[in-house]
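Colleague: Could you take me through one part of this model, slowly? I'm after the place where neighbouring helices pack, and then whatever else helps me get my bearings.

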Amino acid sequence: MKYNKEIFYQEYIRREDTSLRAPYNPELEFYSIIQSGDTEQTKELCKSSPLKNKKGLGILSNNPVNNIRYHFVITTALIARYCIEGGLDVATAYNLSDFYIKKADNMDNIDDISELHAFMCIDYAKKMRSLKKNLICSKPVAECIDYIYDHLHTKITVELLADKVNLTPAYLSRLFKKETGDTISHYIKMLKLSTAKNMLMYSEYSPSQIAQTLAFPSQSYFTEQFRIYTGLTPVNYRNSYFRQTPFNNTQTSSDYHK
């Protein structure tokens with residue numbers, strides 16, 4: 001059967017496999033996806049697992065509305081921390097968290113709080129994506145970066161991007177290099193390798209599956225480039241960092257009721 005990278009990638013985005021991980025592990029992966037600025041994955045995960053239906057939430061209050069509100073506050077605070085760790089300035093991160101927590105405090109309906117949670121998560125993801133484009137001035141380069149983020153499971157070429165923004169490949173390459181300080185091919189490779197790190201840390205997929213999903217030419221090429229990028233092979237990286245949080249002392253909402 002032909003391997004379909006797009007279907008596999010979408011399965012990676014949408015999965016909720018609690019049989020293979022402790023309840024808090026999907027949360028850590030979710031926060032990492034927001035931190036990376038991947039708005040599409042964030043939208044898909046919010047849609048497939050809204051806060052009101054999220055598995056593993058403990059009872060923080062006997063009042064159902066207060067219970068979901070308290071979990072909203074905890075996850076908002078943790079997302080702010082992850083985004084600060086990813087480079088978002090402290091004032092922006094905490095102002096955003098204060099804004100959403102105050103809005104949740106004025107709500108008395110579980111569905112409304114759960115919907116607000118999705119808006120909050122996507123808002124943070126957008127802030128992180130904008131942060132990664134903060135030195136970019138031109139619309140064509142910004143559009144290219146958005147396309148790259150949303151199509152990591154495909155082979156992306158300079159020619160394809162140039163066609164998307166109606167520029168010649170040579171001119172787009174010069175413009176991209178001028179505004180990002182990086183070549184298009186290197187930028188794509190670094191973003192794919194960064195995504196591969198997340199997949200090795202937070203998913204059960206093998207290095208060969210990840211190499212195929214992210215459209216690397218071969219597993220050996222993926223392994224070679226990953227070793228250059230991290231100093232470790234994909235297998236050694238997973239053995240060292242599987243399911244770890246960026247913070248040694250980070251608690252998740254599930255940790256508060258253990």
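Modeller: Start with helix α7 (residues 139-150) and helix α8 (residues 158-165), which pack at an angle of about 125° with their axes 10 Å apart. The helices here are DSSP runs of H or I with at least four residues, while strands are runs of E with at least two, and both are numbered from the N terminus. An axis is a line fitted to C-alpha atoms, for helices over the stretch in contact, and angles run from 0 to 180 degrees between N-to-C directions. That angle makes α7 oblique to α8; under 35 degrees would be roughly parallel, over 145 roughly antiparallel, 65 to 115 roughly perpendicular, and the rest is oblique.

So who touches whom? On the α7 side you'll find Pro140, Glu143, Cys144, Tyr147 and Ile148, and they meet Leu160, Leu161, Lys164 and Val165 in α8. Contact means heavy atoms within 4.5 Å. Sorted by class, this contact of α7 with α8 has seven nonpolar, no polar and two charged residues. For those classes, Ala, Val, Leu, Ile, Met, Phe, Trp, Tyr, Cys and Pro are nonpolar, Asp, Glu, Lys and Arg are charged, and the others, Gly among them, are polar.

A quick word on what you're looking at: this is a predicted model, where local features need pLDDT of at least 70 and side-chain atom pairs count only at pLDDT 80 or more, though totals for chains, interfaces and linings use all residues. Residues are numbered from 1 along each chain as its sequence is written, and side-chain values use heavy atoms, leaving out hydrogens and water.

Now follow the chain on from α8. This helix packs with helix α9 (residues 169-180) at an angle of about 95°, their axes 9 Å apart, and that makes α8 roughly perpendicular to α9. Val158, Glu159, Leu161, Ala162 and Val165 of α8 make this contact with Pro169, Leu172 and Ser173 of α9. By class, the contact of α8 with α9 has six nonpolar, one polar and one charged residues. Notice that Leu161 and Val165 of α8 turn up in the contact with α7 and also in the contact with α9.

Just past α9 comes Thr183, in the loop between α9 and α10 (184-202). Thr183 counts as partly exposed, at 34% relative accessibility; buried means under 20% relative accessible area, exposed over 50%, and partly exposed in between (1.4 Å probe, protein chains only). Not counting residues up to four places away in sequence, Thr183 touches Phe176 and Lys177. Its C-alpha atom is 9.7 Å from that of Val158, 25 residues away along the chain.

For a buried residue, go to Arg69 in helix α4 (residues 64-85). Arg69 has a relative accessible area of 13%, so it counts as buried. Leaving aside neighbours within four places in sequence, Arg69 is in contact with Ala104, Asp105, Met107 and Ile113. The C-alpha atoms of Arg69 and Ser114 are separated by 8.7 Å, with their places 45 residues apart along the chain.

To zoom out, the chain has 13 helices and zero strands. Of its 258 residues, 47% count as buried. Among contacts between residues at least 6 apart in sequence, 70% join residues at least 24 apart.
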